[in-house]
Structure formats: structure tokens, C-alpha cells
Amino acid sequence: MPVVTLNYSSLQKLIGKVSKKQISELLPFLGLDIESEENNQVRVEYSPNRPDYSTDIGIALGLQGLLGIKTGAVKLKVKKSKDYSIKVNSDVSKIRPYVTAIVAKNGKIDSKILEQFIQMQEDLHMGIGRKRKKSSIGIHDLDKISFPLTYTATNRSTKFIPLKSQNENSVSQIIENTDVGRDYGHILGNSSKVPMIFDAKGETVSLPPIINAAITTITTKTKNLFVEVTGINKEDAEDMLSVVATILQSAGFSLESVNISGSKNSSPKFEPRKITISSKLVNQTLGLNLSNSKIVSSLKKSRLDATVKGTKIVCTIPPYRFDIFGPMDLVEETALGYGIQNLEPILSPSQTIGQMNPISLQLKSLNQIMIGLGYLEALNSSLTSKKVLYEMTNRIASKTISVLDSKSQEHTILRDSILPGLLENLSRNIHESYPQKLFETGTIFLPNNPIDEKISFAAISAHKEANFSEIKSILQSLLKIGFNLKIETKTFDHETFQKGKTASILIQGKQVGIIGEISSKTIENYKIRVPVVGFEINLSGLIFD
């Protein structure tokens, strides 16, 4: 989790009339964990989905709301300008297709604010930017740039002086010889062309997502800023820009628009969203009896806007609050605005003695047996990707259960098998010593109405001598020791396994799984260097209903 160091005196100046004690007591109610306090400083840990909390300015906005000093949403005031524009050429469409930007003028930057701007930039890169792969940000000295700008693709031989350097280097040299180039150059792939932003004089402004040009470096003497965000997704780029714009405006800068045109790009609109919520949901979830007007005032204390329309409450979400997805998020915001400290715990009307679920006891027994057999337990996400689940295992993706509007390219579908996740674990540990033996118990999901959820158990063994007999003996021992069950195997074909060395698993004539040697093609797909054997069985209906 990211950490930011705050100065109590700076917060008091930003918030208004408030004591150090009040700030210290309220910080946890913003969802911030206090790591340490020393003299006039406090270190707090914040959630990556709230990058506006990466600066004391963003935290001051939240505290102002809880204290009732300033409530309601922070509205961005962007003056329309014809002085600033970016033309996007079509040649970037297959590399890094989107760019968005804003101008911030007449602000004051001291060393502390400059440090926090840099920290905010890096936190945005690591969070919503997914280590700059999805989106990255560049903050520049506006007065060093001549407009209009051009966002285009250029050769790797193009030279400029990069940030924190005095020497001119080619793009290839920057990628190969600098720390930031080695860290992020891979994002551009092997293309002979790279995306760059040039100004009207042909000067390089930025090589996204890697580094800015030295000429646009911001210092404590900088008064006017140009902020650009590039990425592979327009929405993510604009989300990132909205955070920076909100912080800059709150820091005293005035905002002006940048006209962006060409190749499916357009100027950012910074439009708020609206979500409707009912008081019934709020009160049932929180165990309260709040009126509509009290819910509205609580939401405003969380720096959102809300109005009552009939029996419903319409909440307006500012663009930088992209962490809010639906009504349950607004219930949480209501609780924060109402005051977590004001919620009174009550005893449940039903007094019962808890005990471990019988299914959990059976699964625990399986796990202990596998550990005794020399296997290590893995725990993978139920959400995975088509590449891991199907393409790498040579399976055909017939019916999948996909996540709507997924913010991730790596976690888009629910798994229908555990084995691919274990193979991916092996692929990430090819430099470790062998043998590597893993198992996992977890839920798989099958298309139906409603969705079928089954408990599955899988294990794999990877080493030079791995073979069918080895993994079959492990499965026999597991079920014999654990549940006194006897298995039979029958020759079977499966895309993931080696033909002729694969079998279905039968218990009392019923097929419950598959076992065998993983095919050489699958092993090659995962770049695993030794033979692999494995099995997967469906426990639902086998050892429990």
C-alpha cells in the first residue's frame, strides 16, 4: 500500500481552523492508516484506489468535508482556450493510441509541493496506470513549450536530451542505458516506431511512457504547467488526468483546456456521473434510520453531491472518484460522512456458538495429506484471463463467464478449471529449483442459470522424472487416506494433456476428473523446462454435496 508523509502545519493551513488533535483523530475515518507520528509529521497509508490522497491537498479536501468546513463535490473550473492544442497522428494508433491534456496556470510551487507532485505522479503510474502500461502522465513547464503540439510515432534513432541529463541521446540509447528506460521500455514492444510528443518548433516534449525531455523540467520557479496523459485506454487516461486537475485546482492553479484532435482522440470533458440510491438500502446496510436529508448531508461530507428526487437520492460523482461503481459504494460514503465513530455496535438477536463448517474440515484434511506428500499449497484468483485459461492450455473457449466493464486485462473471466492457474505458477518460477509440486483447492464456475459453483481440487508435479505413475499414486494415496475411496482410470483425450498418457478419473463408475502428463505443446506455451504431470477432480458430489 502506498504511503504519504504529511505535515500537520500544512494541513491546518489548507483545512482552516482545526487542531492537530482533530486531524489525527479524523485521518483513520478517511480510510487512512497512521503508520507513525513524529514531531509535526505523520506518515499515513492510503488505498491505491484513492490516488487523490497521495498529496496533503487531496487529504485536506477530504478532511474539510468530514469537519463540515467545505462540503459537496469539488467542481473543476476549466476555462476554454484556443491557445493550446495537440494533433494526434494515426501512426500511434497501434502503439499508444490516446492522449489527453490540460493546462494549469498561475500557481506557486515550493519544494514540498514539487515533491508531492512527483510522488502523486508515481503513485498514479503504479495504480491506475498499471506500472505505466495502461496510462502514464507527464508534467511539464508550460512556458518552455511552443504550441501546437503533435503526438506522433517516430524512429528509435530520434535524439533529445532526457530528464535529469545534459547529454543528447537516441530513443534506443535511453531505453537501453537508463534505469527508467530498462524499467519501462518493454511497454513499447519491439516496434521500430515509438510514440513522442513534439512542440511547434520540433522540440521533444515527451517520450511516453518512459521519460520527459529535460527542457520542460518543472522547478520551484515554474508557475504554469502543461499536463499530458497517454495510454491504451481513453477512459483510464482521462481518469488519471482528472485526479491531477483536481489537485492542481485545489493547490491554487487555474485550469485551461487543451484542444485534442485526430485519430479517435478528443478533448477531455471531465463530466460527473450520476448514481441513484435508496434510503432503504442505506439504513438496512448500516442498521440506522436516517432520513433522506441526513443521507444527502452525509454524502456531501464525503465530497459528493446529492439531491432527493421522490423516494430516491441521486448522487453526483466527480470525475476523479472513479473508485465509486455502484449503490453499495455510496452506502460506504454515507457511513464515512455520517461518522464511523457514530455507529453504535449492537449484539445480534440470535446468540449461537460458532463452529467450523464440515466442508472446511474435509478440505483441511485433504490439504494436510497433500502437504504430507510433499506438495505446496497455492492460492490463485478465481478471476483469470482467456490467455491463461484457454490459449496457453490449448483448450477451446466455448462458453465463458466474463466480468462486465473489467478494469483489468488480466482478470476478465471466471475460471472453469484450477489446473491452468497452477501451470502459470510453474511458469513464473522456472528459475527456481526442481522438483516443484503444487496443489490447490478452490471454486470453479460453470455457465448455467444461475451460475454453477463447484469445488475442484488440482495438483501438479514438475521435474525431470515426472510421469503418469507418479501422479496416479499421489491421487490414490490422497483419496484412500482421506476418504477410503478407490479410483479407476480409463484412457481419455484432452487438449492440455499428452495423447496416450491421459486418463479420466472414475469413482464407482462416475467420471470425476482427469489425470495425466501435460502435453509438450502446453509446457512450451508456459515456457516450463521440465516434464509436468497433474490431475484435477471435482469434489462437489464426491466427498460432500
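Buried means under 20% relative accessible area, and partly exposed lies between that limit and 50%. The legends below concern a predicted model.

**View 1. A salt bridge joins Lys144 to the buried residue Asp141.** The side chains of Lys144 and Asp141 meet with a nitrogen-to-oxygen separation of 3.9 Å. Asp141 has a relative accessible area of 7%, and therefore counts as buried. Lys144, by comparison, has a relative accessibility of 45% and is classed as partly exposed. The structure holds 15 salt bridges in total.

**View 2. Arg50 and Asp52 form a salt bridge.** The closest N and O atoms of this pair are 2.7 Å apart. Asp52 is buried, because its relative accessibility is 4%. Arg50 is likewise counted as buried, at 12%.

**View 3. A salt bridge within helix H6 links Asp179 and Arg182.** The closest N and O atoms of Asp179 and Arg182 lie 2.8 Å from each other. Helix H6 covers residues 179–184, and the two partners are 3 residues apart in it, so about one helical turn separates them. Asp179 counts as exposed, with a relative accessibility of 56%, whereas Arg182 is partly exposed at 48%. Elsewhere, Arg321, Asp323 and Glu333 are joined into one network by salt bridges that share partners.

**View 4. Five strands form an open sheet with mixed pairing.** The order of the strands across the sheet is S4-S15-S6-S14-S7. Strand S4 (78–79) and strand S7 (135–141) are the edge strands, each pairing on one side only. S4 pairs with strand S15 (residues 254–257) in the parallel sense, over 2 bridges. Val78 has Leu255 as its bridge partner in S15.

**View 5. Helices H4 and H7 pack on the sheet.** Helix H4, formed by residues 111–126, touches S7 and strand S14 (225–231). The direction of H4 makes about 160 degrees with that of S7. Helix H7, formed by residues 234–250, touches strand S6 (98–105), S7, S14 and S15. The direction of H7 makes about 10 degrees with that of S6.

Key
Residues are numbered from 1 along each chain as its sequence is written. This is a predicted model: local features need pLDDT of at least 70, side-chain atom pairs count only at pLDDT 80 or more; totals for chains, interfaces and linings use all residues. Side-chain values use heavy atoms; hydrogens and water are left out. A salt bridge is a side-chain nitrogen of Lys or Arg within 4 Å of a carboxyl oxygen of Asp or Glu. Buried means under 20% relative accessible area, exposed over 50%, partly exposed in between (1.4 Å probe, protein chains only). Helices (H or I, at least four residues) and strands (E, at least two) are DSSP runs, numbered from the N terminus. Two strands pair if DSSP finds at least two bridges between them. Contact means heavy atoms within 4.5 Å. Axes are lines fitted to C-alpha atoms, for helices over the stretch in contact, and angles run from 0 to 180 degrees between N-to-C directions.
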